[in-house]
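Visitor: Please choose one part of this structure and take me through it closely. After that, show me how it fits into the wider picture.

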Amino acid sequence: MRVAILQFPGSNCDWDSEHAIRDVLGVSAHRVWHKARLPSETEAVIVPGGFSFGDYLRCGAIARFSPIMHDLKEFAERGGQVLGICNGFQILCESGLLPGALIRNDCLDFRCLNQNLTVENSNERFNQNTLGGSLVLPIAHGEGNFRADESVLSSLEENQQVLIRYDGNPNGSVNAIAGIRNSAGNVYGMMPHPERAVCSHHPCLDGLPVLKAFLEPLLGSIPVEVNSG
Amino acid sequence: MSQISSTSLPLNPDPVLNVEITDDLIERHGILPQEYQEILAMLGREPNLTELGIFSVMWSEHCAYKNTRKLLRLFPTEKKDKQAIGQVLVKAGEENAGVIDVGDGWGVAFKIESHNHPSAIEPFEGAATGVGGIVRDIFTMGARPILLTNSLRFGDLNDPHVKRLFRGVVSGISHYGNCLGIPNMGGDIYFDQCYEGNPLVNALCAGILRHEDIQKGAATGVGNPVYYVGPGTGRDGLGGASFASRELTAESTEDRPAVQKGDPFMEKLLLEACLEMMAIPGLVVGIQDMGAAGLTCSTCETASRGNSGIEIDLDSVPQRETGMNSYEIMLSESQERMLVIVQKGREKELEEVFEKWDLHAAHIGEVKQGDRMVVRHKGVVVADLPAKSLTDEAPVYDQPASEPAHVVKARNWSVESIPDISVKEIESGLKNLLNHPTIASKRWVWQQYDHMVMSGCKVEPGSDAGVVRLSIAEIDKYLAIANDCNNRFCNLDPYKGAQIAFVECMRNLACSGAKALAVTDNLNFGNPNKPEAYHMLKECVKGLADACAFFDVPVVGGNVSLYNEHGDGAIDPTPVVSMVGLIDNQEHVTKAHLEHAGLELILLGGWPTELGGSYYLQTQHAKKEGAVPEVSLENEKKVQDLLIGQIKEGRLVAAHDLSEGGLLVCLAEMLFGKNKIGVSVSIPANGRIDATLFGESQGRVIVAVSSSDSNAFISCSKTAGVQANFLGRTSDSGMMQIKMGEKVVLSTSIADLHSVWENAIPDCMESSRS
């Protein structure tokens with residue numbers, strides 16, 4: 001197995017993520033239960049969306065104490081590739097693997113829609129050349145309002161750690177931030193759902209370049225056989 | 001009082017259970033005097049309070065369908081054509097939900113259920129637990145839930161209380177369904193004064209499963225252990241089923257303890273644990289959710305279906321409150337619980353699954369020989385009843401029916417009593433309709449629902465039908481779902497009104513390219529003991545049953561919600577029809593939106609000019625009157641067969657059915673796509689303008705074809721016996737231009753119309769935020 005998809009109690013985008021990575025991109029992927037150990041052969045980890053532990057208390061606040069988080073932190077420290085999507089992004093922020101926090105949408109309601117996004121030139125994998133200047137990706141969250149204090153925010157901006165921004169801010173995020181990476185460039189988090197935009201019956205295929213950019217260290221320059229039919 | 005026989009139960013350590021059963025106590029349990037006599041005869045002794053409670057919930061309308069069971073037998077429950085796709089695998093009433101075949105060895109389980117009364121008192125929790133209940137019904141069958149929809153009805157949205165209910169219900173559904181990760185494809189929502197104080201919240205779930213994985217809710221195999229799984233039992237929802245079988249009154253808010261509290265996270269764990277357990281070959285013998293009437297219903301129904309006895313010990317039931325007595329434990333409607341019967345000797349396999357998911361799995365009893373349901377508590381038998389006395393032998397009533405005067409009056413109302421619309425009023429007339437919350441965009445609602453989770457959403461909510469790909473089954477087929485019921489028609493003519501609900505729903509599927517397979521219905525009516533309300537119920541059921549038989553689309557399950565009355569009287573009859581259809585491949589999925597200039601628009605179904613019961617009469621003349629439009633099942637079938645056939649031929653670019661608001665509203669809705677193109681249409685100038693533009697005659701659809709396909713399409717229509725009239729063409733003008741004869745009667749900007757339609761509900765709801 002090359003890609004591990006973590007499964008917490010309450011994860012609900014684990015199947016979708018597995019489907020996108022395994023069936024569409026053709027990269028071996030499996031779900032790993034939160035009480036299990038991260039398999040040693042893991043090359044990349046996706047922390048999927050959902051409502052881990054019901055998102056009671058705060059989104060991701062209980063999941064950060066799950067047994068697998070110990071292995072995940074070690075994996076990330078060794079430079080392993082990690083992508084948190086939606087609730088996964090919230091968990092990565094709660095566990096300190098990414099800076100900042102996600103709070104209730106400023107509209108106070110859950111929002112599910114196809115969101116226009118602007119791509120930033122963040123690093124050699126996530127930039128306007130690899131992803132295009134703009135993307136449309138589904139969002140579906142009640143707590144996607146990204147917050148960080150002044151110093152964290154300015155270092156995120158200065159180090160070009162912002163990956164994508166919302167056009168027309170749907171949730172009140174500071175600087176319209178929709179996704180970020182850590183300074184080392186191996187841990188990524190975003191509220192939009194790339195795994196929901198990979199098949200011909202989806203609203204668009206803009207999730208493919210995002211997932212491919214994330215998996216680039218695994219895939220190298222070998223062109224990926226995409227099966228989005 | 002009758003003699004206490006020698007089989008009477010021992011003195012209970014709980015003094016509550018030793019109270020004398022008085023006439024007052026019997027009445028407060030909603031049991032009629034003659035029903036109590038039947039109970040005495042069945043038991044040969046007096047029941048104790050726990051047993052009385054058990055009878056009261058099991059013999060309530062909610063569980064026993066005592067006022068409707070005879071009527072429900074009118075519905076066809078299987079297909080006449082045994083070769084057709086969509087054969088019924090599990091029939092209505094046999095299990096927790098019906099199951100139909102969708103080919104390739106896969107089946108679809110689906111059902112709709114009401115949670116009206118709880119939602120009237122506590123909209124958020126009422127609606128949330130409504131979703132929870134129906135989802136359990138589906139995964140109990142062994143199916144992985146793949147979509148949700150709702151049929152919602154509220155009073156006048158300008159009323160602050162109605163806004164509170166609307167906001168609460170939508171956020172309750174959103175909260176529960178989103179957390180479960182089951183896409184909510186929207187559904188239908190109507191606003192009408194008649195639902196003031198008694199909103200309707202009907203929740204539907206559909207799931208997919210392999211034929212061989214269908215589970216049964218039967219307790220069989222003497223000695224097999226009975227397990228309770230899920231979170232602990234509390235005092236919430238005590239007597240919810242009997243609460244749902246009463247009229248709402250001003251004092252009903254005091255019933256708040258009868259409203260359950262939902263925990264979608266627990267339900268998600270239960271869902272995953274149960275599916276994991278059911279995937280272990282041969283482990284599960286029977287499974288049933290604890291919904292209405294909780295532990296009571298699940299034990300006696302599984303025993304009754306299994307033709308066996310069952311014995312449970314309440315001391316083993318996980319409890320989250322202290323000091324609960326047997327009455328409370330048996331009648332609690334705490335959520336997210338299931339009863340599971342497994343093969344003896346394989347208990348450990350079940351326990352391991354539930355331990356993984358951090359859920360209780362308590363061994364509470366056993367399947368027994370005989371036919372009795374025996375309940376022990378603190379070492380004493382607290383209930384000992386024949387299981388079938390609670391289920392199959394529950395009372396069944398025929399009620400007297402009489403036609404209400406307003407129905408007779410409606411038939412005699414003449415359109416001549418109101419003036420026709422003047423040309424200069426057409427634009428405002430159209431905008432008034434687009435601004436009515438029943439017709440206006442429901443984006444405010446469905447944007448709060450996660451409709452894209454599970455990677456299957458093909459047609460987002462807001463089109464004629466919601467469409468999801470059966471990705472979980474790894475087959476490239478699409479399931480379409482539509483809900484419908486226009487209460488105005490049902491109120492004016494219950495038989496025709498119910499048929500219109502049926503044909504509109506089916507037409508919505510056909511416009512999406514889907515062949516209708518089966519129906520689940522939710523009958524929402526007033527108090528059946530009132531002859532006028534019973535008449536409406538009976539006529540609606542007959543209308544539906546006749547339509548089902550004509551189209552060979554059986555009813556595979558559903559729900560009855562009676563006693564929907566508040567203050568001034570009953571709600572309009574609301575027999576919600578939900579239909580599931582199948583689309584064979586992605587190219588055949590058709591939407592309502594027009595996105596390109598140069599398309600030709602064709603009206604199917606001609607130019608009838610009926611205005612009775614229309615929304616136009618409501619918005620322009622504040623009237624709910626008139627003869628309901630004619631329904632011809634034969635014509636309807638011709639139109640729908642043509643639609644599906646032409647979609648398969650690849651000729652239709654878009655299709656949308658004419659319903660509330662008539663021709664102009666239909667056209668406008670087709671233009672509210674991404675590109676906001678324009679249209680120029682010519683309509684013959686015959687008869688009344690209002691009826692032509694805004695009448696709601698049935699069997700009509702606007703289709704769009706490319707100009708090269710237009711002639712072939714019209715000739716196929718002729719062959720099919722469907723009237724097809726050229727309406728006009730789409731353009732880049734961004735305008736809707738309507739000519740009647742040679743005269744331009746309307747020329748207005750699509751963007752303006754769209755803004756009225758899109759903002760009606762958000763503006764209304766925004767004004768309530770303080």
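Guide: Start at B:Glu333, in the loop between α12 (326-331) and β10 (338-342) of chain B. Here α marks a helix (a DSSP run of H or I, at least four residues) and β a strand (a run of E, at least two), numbered from the N terminus. This is a predicted model: local features need pLDDT of at least 70 and side-chain atom pairs pLDDT 80 or more, while totals for chains, interfaces and linings use all residues. Residues count from 1 along each chain as its sequence is written, chains are lettered from A and ligands numbered from 1, in the order written.

Is B:Glu333 buried or exposed? B:Glu333 counts as buried because it has 31 C-beta neighbours inside 10 Å; the cut-off is 20 or more other C-beta atoms, placed from the backbone, within 10 Å of its own. Now look along the chain. B:Leu295 is 38 residues away in sequence, yet its C-alpha atom lies 8.0 Å from that of B:Glu333.

Step back to the domains, whose bounds come from an automatic or database assignment. Domain 1 of chain B covers 1-65 + 216-396, and domain 2 covers 590-770. Their C-alpha centres are 52 Å apart.

Next, the largest nonpolar core. A core is a set of buried Ala, Val, Leu, Ile, Met, Phe, Trp, Tyr and Cys residues joined through C-beta atoms within 7 Å. This one has 321 residues, and B:Met58, B:Ala206 and B:Leu667 have the most contacts inside it. Helix α19 (residues 494-511) of chain B gives the most, with 11 residues. Domain 1 and domain 2 of chain B each supply at least three residues to this core.

Pause at B:Ala206. Its contacts (C-beta atoms, placed from the backbone, within 7 Å) include B:Val108, B:Phe110, B:Ile138, B:Leu479 and B:Val580, leaving aside neighbours within four places in sequence.

Two helices of chain B also meet. Among the residues of α7(B) in this contact are B:Phe124, B:Val131 and B:Val135. Those from α8(B) include B:Leu165, B:Ile173 and B:Tyr176.

Finally, turn to the other chain. Here 24 residues of chain B are in contact with 23 residues of chain A. On the chain B side, α8 (160-180) and α10 (264-278) each supply at least two residues. That side has 10 nonpolar, 9 polar and 5 charged residues. Ala, Val, Leu, Ile, Met, Phe, Trp, Tyr, Cys and Pro count as nonpolar, Asp, Glu, Lys and Arg as charged, and the others, Gly among them, as polar.

Conventions. Buried ≥ 20, exposed ≤ 12 C-beta atoms within 10 Å, placed from the backbone.
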